Amino acid sequence: MAPSPVRVRFAPSPTGFFHIGGARTALFNWLYARHCGGTFVLRIEDTDRERDSEEALRVLLDGMRWLGLDWDEGPEIGGPHAPYAQSKRSDIYGEYLRKLQNGGHCYEKDGAIWFRVSGKPSQIDDEIRGKIQRLEEKDFVIFRSDGSPVFHFVNVVDDIAMEISHVIRGEDHLSNSSKHVELFRALGHNPPHFAHIPLILKTNGPGKMSKRDSGALIEDYCRRNYIPEAVRNYLCLLGWSPKGDREILPIDEIIAIFDLPEINKNNARFDEKKLAHINGEYLRNMPFGDFYCRAAPILRAAGLLTDSHGETYAKSVLRLCQEKLRELDELPNFCAYFFSESFPKNADALAKFKAADGAIVRVREFLNAIKNEGVGQWNASSIEQLVKSLAAATGRKTGDYIHAVRYAISGQSVGPGFYGMLEILGGNCTVSRLKSFTSNV
RNA sequence: GCCCUCAUCGUCUAACGGUUAGGACACCGGAUUCUCAUUCCGGCAAUCGGGGUUCGAUUCCCCGUGGGGGUGCCA
């Protein structure tokens, strides 16, 4: 099969953060390249010299890889148009500057080099927005007085040199495209196809998402143990829709149906709650083996799970938890009492316990019932049997016992199914916790 | 100010010019004779305003209004 002529690029500048807006732009470029069987180029626009570039670049590359956005040409893998960092391409910029000078397209003023605009409106044919015309009225600087080239110039030069066919970027660049078209023409090239994608706006208040907004940084989701596929899936939904009342779908299907003209024109507000919901969907629907691999290290890091617990125990606990979670980071709080005697007691749960009529009496009754029965037969159904006959004997509801004992055992008012929870905790542990609870009240 | 752009529930979105305007998040209610942060069921909730074009407009055109972006020797 002949390679697709589609070549797209993501051209971030390493600022030390991987902003969610940039990530979505990268994602849409990547999706389009993969959809077309084209090439996805990663180009680093590091024209700000004095910055901790190594560190900042790391954040970017790690974030891209975490999201599963692999590039075909770029840093660490090279390619036919290397180097892929603008700080290393000054020879090329000098060469293209000479072309402009030879064509009489620029002049010097105040030590800087200025581009002379044509005075004619530029037109772009945007894949999302249709034809857009704009007159670039004023000449603009392409080389600063310190000799460094500015964004508009290097951006266009590299798109020419790297044979970029489609420029997919944020709508904040729409007004810039008249500058860029002028540069393409002056350099003797037709401009590429453009696709200006909508911006991601703050959840509340005016303006687009900024680094400071909650949820704005990809590396935070990584740190918070979000599922990268879930974050990526959510990002797909900002400005694009798979239609057919579907939202959560595997990336291969998204790649198959993704296309530029279907991208929305209007900006989208970021919604962290919906992201959390989608993360929960991914978490609960993933195979248990995958869930265990992600969850166990978190419990270890929290100092809860140790070698003494054993893998079988850890797995049975986590199997119980998987179906309840929205975020992996909730896990330590959610199940600490399975691993430690010094588990936290939830304040609301305590309030409920105190408010419940005779809760402590129920706990004592339950403890006595266990003592009478013994813990020889200790499994979910035997515990259920025990609770039911106890309730029948005292004329209470099973819930009266369950709620009270749940708090006594776990310090929580919510959690996994009661009978399964006690089975896994074990009869001896249950008894000893209830003893110490009743004697300390 | 000037230039560009956009406009469906609170939010993300769907709807060849003909639909009771659909789905999802959030929120509210109910069920799961044990909780809920799971699951299921139900509810609330939208075509920015005004003119056209048309038998018929969320959809096409114009004008307002509102939002967003640009207007740097930032990217």
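Select residues 121-126, which form strand β5. In this predicted model, β5 runs antiparallel to β6, and six bridges join the two strands. Add residues 130-135 to the selection to show β6. The turn from β5 to β6 is a hairpin, with three residues making the connection. To see one bridge up close, pick Asp-126 and look across to its partner in β6, Gly-130.

**The three-stranded sheet**

Next, select β3, residues 106-109, and β7, residues 140-143. Then add β4, residues 112-115. What is the order of the strands in this open sheet? The order is β3-β4-β7, and the pairing is antiparallel. β3 and β7 are the edge strands, since each of them pairs on one side only. Look along the sheet and compare strand directions: on average, neighbouring strands are turned by 45 degrees against each other, with direction ignored.

Start with the pair β3 and β4, which four bridges hold in an antiparallel arrangement. Click on Cys-106 and then on Phe-115 in β4, as these two are bridge partners. Now move to the other pair, where β4 meets β7 over three bridges, again in the antiparallel sense. Here Trp-114 stands opposite Val-141 of β7.

**Two backbone details**

Stay with β3 and β4 and select Asp-110, in the loop between these strands. The hairpin has two residues between its strands. Which backbone angle of Asp-110 should you check? Check phi: the value is near 55 degrees, which is positive although the residue is not glycine.

Then select Ala-82 and Pro-83 and show the backbone atoms. The peptide bond between Ala-82 and Pro-83 is cis, with omega at about 0 degrees. Pro-83 is found in the loop that runs between α2 and α3, the latter covering residues 90-102.

**The largest pocket**

Select Ala-11, Pro-12, Ser-13, Asp-172 and His-173 and centre the view on them. Of the 40 residues that line the largest pocket, these five lie nearest its centre. The volume of this pocket is about 1,000 Å³.

Now colour the elements around the pocket. β1 (7-10), α1 (20-36), α2 (53-66), α4 and β8 (166-170) each provide at least two lining residues. Which element gives the most to the lining? It is α1, with four residues. If you colour the lining by residue class, you should find 16 nonpolar, 13 polar and 11 charged residues.

**RNA strand B**

Show RNA strand B and select the protein residues around the strand, which number 61. The closest are Arg-144, Gly-239, Glu-247, Lys-324 and Thr-398. By class, the residues of this surface divide into 17 nonpolar, 21 polar and 23 charged.

Which elements should you colour here? β6, where the tour began, supplies at least two residues of the surface near RNA strand B. So much can also be said of α4 (151-161), β11 (268-269), α9 (272-285), α16 (398-410) and α17 (418-425), each with at least two residues. α4 has already appeared in the lining of the largest pocket.

Which part of the RNA faces the protein? Of the atoms of RNA strand B within 4 Å of the protein, 70% belong to sugar or phosphate, and the rest belong to bases.

Finish with three atom pairs, and draw a distance line for each:

- Ser-145: a backbone N or O atom lies 2.8 Å from a base oxygen of RNA strand B.
- Ser-413: a backbone N or O atom is 2.8 Å away from a sugar or linking oxygen of RNA strand B.
- Glu-45: an N or O atom of the side chain is 3.5 Å from a sugar or linking oxygen of RNA strand B.

Technical notes
Residues are numbered from 1 along each chain as its sequence is written. Chains are lettered from A and ligands numbered from 1 in the order in which they are written. This is a predicted model: local features need pLDDT of at least 70, side-chain atom pairs count only at pLDDT 80 or more; totals for chains, interfaces and linings use all residues. Side-chain values use heavy atoms; hydrogens and water are left out. A residue is near a molecule or strand if one of its heavy atoms lies within 4 Å of it. A polar contact is a pair of N or O atoms within 3.5 Å; within protein, one must be able to donate a hydrogen and the other to accept it, and residues adjacent in sequence count only if both atoms are side-chain atoms. Ala, Val, Leu, Ile, Met, Phe, Trp, Tyr, Cys and Pro count as nonpolar, Asp, Glu, Lys and Arg as charged, and the others, Gly among them, as polar. Two strands pair if DSSP finds at least two bridges between them. Axes are lines fitted to C-alpha atoms, for helices over the stretch in contact, and angles run from 0 to 180 degrees between N-to-C directions. On a 1 Å grid over the protein atoms alone, a cavity is a set of points where a 1.4 Å probe fits but cannot get out, and a pocket is an open set with protein on both sides within 12 Å along at least five of seven lines; lining residues have an atom within 4 Å of a point. Grid points are joined across faces, edges and corners, and a volume is the space filled by probe spheres set on the points.
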